[in-house]
Amino acid sequence: MIPPERALRDVRASLREQVLPAVGSTHGRTILAAALGILDAVAGQVERGSAPAVATVAELLPAARGWERALAEAAPRSAALVAVECGKAEAAADPGAAREAMLAAAERTVEAAWAELEPPRRDELLGEVRRLVRADIERQRGGEG
Amino acid sequence: MASDTRTEPARLDREIPIESLAGHFRERLGAGAEIVAATIASEGMSDDTWMVDVEVDGTRHELVVRRYRTGGALREETDPERHFRILAAVPPEIAVPEVLWYEADGEVAGGPFFVMRRVPGRVVVPWSPEGRRYLAEAGAGPLGEEFIEILARIHAIEWRGGQLAFLADEEAGSPDDDGTRRVAAMRDVVERYQVEPEPVLVDALNWLEHNKPAQQRTTVIHGDYRSGNVIFGEDRINAVLDWEFARIGDPASDLAWLLGRTNRMGSDLACYMMERERVLELYERHAGWVPSEESLRFWEIQKLLFNTGLWMSGEANYLRGETDDLTLVRWSYTLPNMRRMVLDALEEAS
């Protein structure tokens with residue numbers, strides 16, 4: 001069977017080089033250009049597979065346990081919610097679901113840091129969350145993270 | 001790409017519902033009305049612009065139809081009837097297309113629409129190579145100064161007691177506290193369209209709530225003032241387009257948007273036209289004041305968040321089955337780029 005990465009690459013090339021120049025309709029060209037952009041993005045995701053999500057979980061899970069401790073005193077309810085998300089990530093069979101739980105832990109931490117902490121503790125915690133979330137974003141964009 | 005299609009439609013684009021539209025024009029303009037040319041000028045995230053030439057008893061009318069699609073990005077925030085009403089109410093010192101009528105019946109053209117008279121000139125796609133070249137040249141000359149001078153004039157519109165006064169009372173809260181209103185609106189947008197956890201956006205919302213600047217002025221705001229939303233003539237700007245996000249509020253938001261990173265991707269030139277310092281210098285010359293740096297920083301993050309909300313709404317509407325528009329799907333894949341820009345701005349501001 002033709003590997004999906006190669007099939008996607010060839011479909012994109014054919015659409016771009018053979019079909020796009022032949023489309024006369026304005027709307028048709030808009031839709032085809034959008035489809036090519038989607039295929040470019042999807043092709044990158046197919047090539048990278050679950051590696052970005054796995055890397056994000058590997059980085060965020062130990063960090064989130066630390067956020068849970070950092071929030072325990074000032075925001076115990078938020079700390080408990082972060083712990084729930086960590087548990088979900090640990091139990092998830094799918095790396096995508098585990099990554100989503102970790103991003104939820106990051107979101108809850110950010111919300112609690114702004115609501116319950118004062119500088120410099122707030123800034124330190126936000127700084128770490130931002131650094132790790134940025135790494136995840138870079139992986140989503142196809143970089144190393 | 002610099003587009004001149006606003007002046008010369010030359011054919012009948014099959015994607016435009018010509019027959020249904022022709023019937024509508026006959027009702028509006030008389031039994032003799034006939035569509036002689038119709039082309040798609042642009043297809044946006046929530047609406048389309050069609051150039052339509054209609055002949056009535058030997059007289060040619062060069063018109064523009066702005067059609068709003070169901071399920072487009074931020075459709076809940078882009079009320080076409082409100083847009084029509086704003087265009088009709090803009091005072092004559094600001095050139096805008098003359099609006100003729102609004103049609104709410106979505107059956108006629110696949111969504112509600114309004115009709116305007118065409119304004120001659122050129123609408124530029126700012127991020128295209130041709131557009132960038134044109135704008136850099138225009139920005140260095142008198143068109144650049146006029147671009148900023150018009151913004152100062154928009155901010156000087158006497159709205160109290162005028163036809164645009166209705167914009168001040170559309171939301172809870174006061175237009176004198178625009179920051180609070182906009183942050184509340186953005187929180188609502190993020191909650192409504194969120195399809196996955198959004199730590200960056202939640203961070204940005206909280207940053208905005210903790211860093212609201214003192215509002216220096218309360219004026220008419222265009223809401224999307226940039227080089228792609230004006231019609232350039234040979235030696236002057238012929239019209240200001242796209243007033244759908246207009247409101248009464250903090251004019252620093254217009255400047256922050258014009259200066260912001262989404263309007264100068266890969267360029268040092270604000271709106272691909274001129275340096276930040278020149279924008280602020282020209283604005284101060286024509287408006288007599290300039291917003292504080294703190295205010296510009298606040299509004300840049302707010303506008304980035306708003307832009308990200310546009311992308312999110314397209315993605316959410318697609319996932320909910322409200323649209324099958326692939327252009328919105330395409331934008332959803334660029335959401336990581338938007339989140340990164342918000343994060344960059346947050347870290348620069350912190």
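**Exercise 1. Decide whether B:Ile154 is buried or exposed, and describe its surroundings.**

Solution. In this predicted model, B:Ile154 has 23 other C-beta atoms within 10 Å. The criterion for a buried residue is 20 or more such atoms, so B:Ile154 is classed as buried. Next, place the residue: B:Ile154 belongs to helix α5 of chain B, which comprises residues 142-155. Then list its partners. Leaving aside residues up to four places away in sequence, B:Ile154 touches B:Ile94, B:Val220 and B:His222. Finally, consider B:Ile221, which is 67 residues from B:Ile154 along the chain, with a C-alpha separation of 7.2 Å.

**Exercise 2. Determine how spread out chain A is relative to a compact globule.**

Solution. Begin with the secondary structure: chain A has six helices and zero strands. The globule rule gives 15 Å for 145 residues, whereas the radius of gyration of chain A is 21 Å; chain A is therefore more spread out than a compact globule. The C-alpha trace supplies the dimensions, spanning about 65 × 35 × 20 Å along its principal axes. The domain assignment divides chain A into domain 1 (4-48) and domain 2 (51-140), and the C-alpha centres of these two domains lie 36 Å apart. As to burial, 30% of the 145 residues of chain A count as buried.

**Exercise 3. Compare the span of helix α3 of chain A with its expected value, and examine its bend and its burial.**

Solution. Helix α3(A) covers residues 51-72, a total of 22 residues. The expected span is 1.5 Å times one less than the number of residues, which gives 32 Å for this helix; the end C-alpha atoms are 32 Å apart, so the two values agree. The helix nevertheless bends by about 30° at A:Leu60, and A:Pro62 follows within four residues. A:Leu60 is also one of the buried residues of α3(A), which include A:Trp67 and A:Glu68. The cover over these buried residues includes α2, α4, α5 and α6 of chain A.

**Exercise 4. Characterise the side of chain A that touches chain B.**

Solution. First, count the participants: 26 residues of chain A and 25 residues of chain B take part in the contact. Second, assign the chain A residues to elements: α2 (26-48), α5 (95-116) and α6 (121-140) each contribute at least two. The largest share, nine residues, is from α2(A). Third, sort this side of chain A by residue class, which yields 14 nonpolar, six polar and six charged residues.

Technical notes:
Residues are numbered from 1 along each chain as its sequence is written. Chains are lettered from A and ligands numbered from 1 in the order in which they are written. This is a predicted model: local features need pLDDT of at least 70, side-chain atom pairs count only at pLDDT 80 or more; totals for chains, interfaces and linings use all residues. Ala, Val, Leu, Ile, Met, Phe, Trp, Tyr, Cys and Pro count as nonpolar, Asp, Glu, Lys and Arg as charged, and the others, Gly among them, as polar. Domain bounds come from an automatic or database domain assignment. The bend at a residue is the angle between axes fitted to the seven residues ending there and the seven starting there. A residue is buried if 20 or more other C-beta atoms lie within 10 Å of its own, exposed if 12 or fewer, and partly exposed in between; C-beta atoms are placed from the backbone. Two residues are in contact if their C-beta atoms, placed from the backbone, lie within 7 Å. The radius of gyration is taken over C-alpha atoms; the globule rule is 2.2 Å times the number of residues to the power 0.38.
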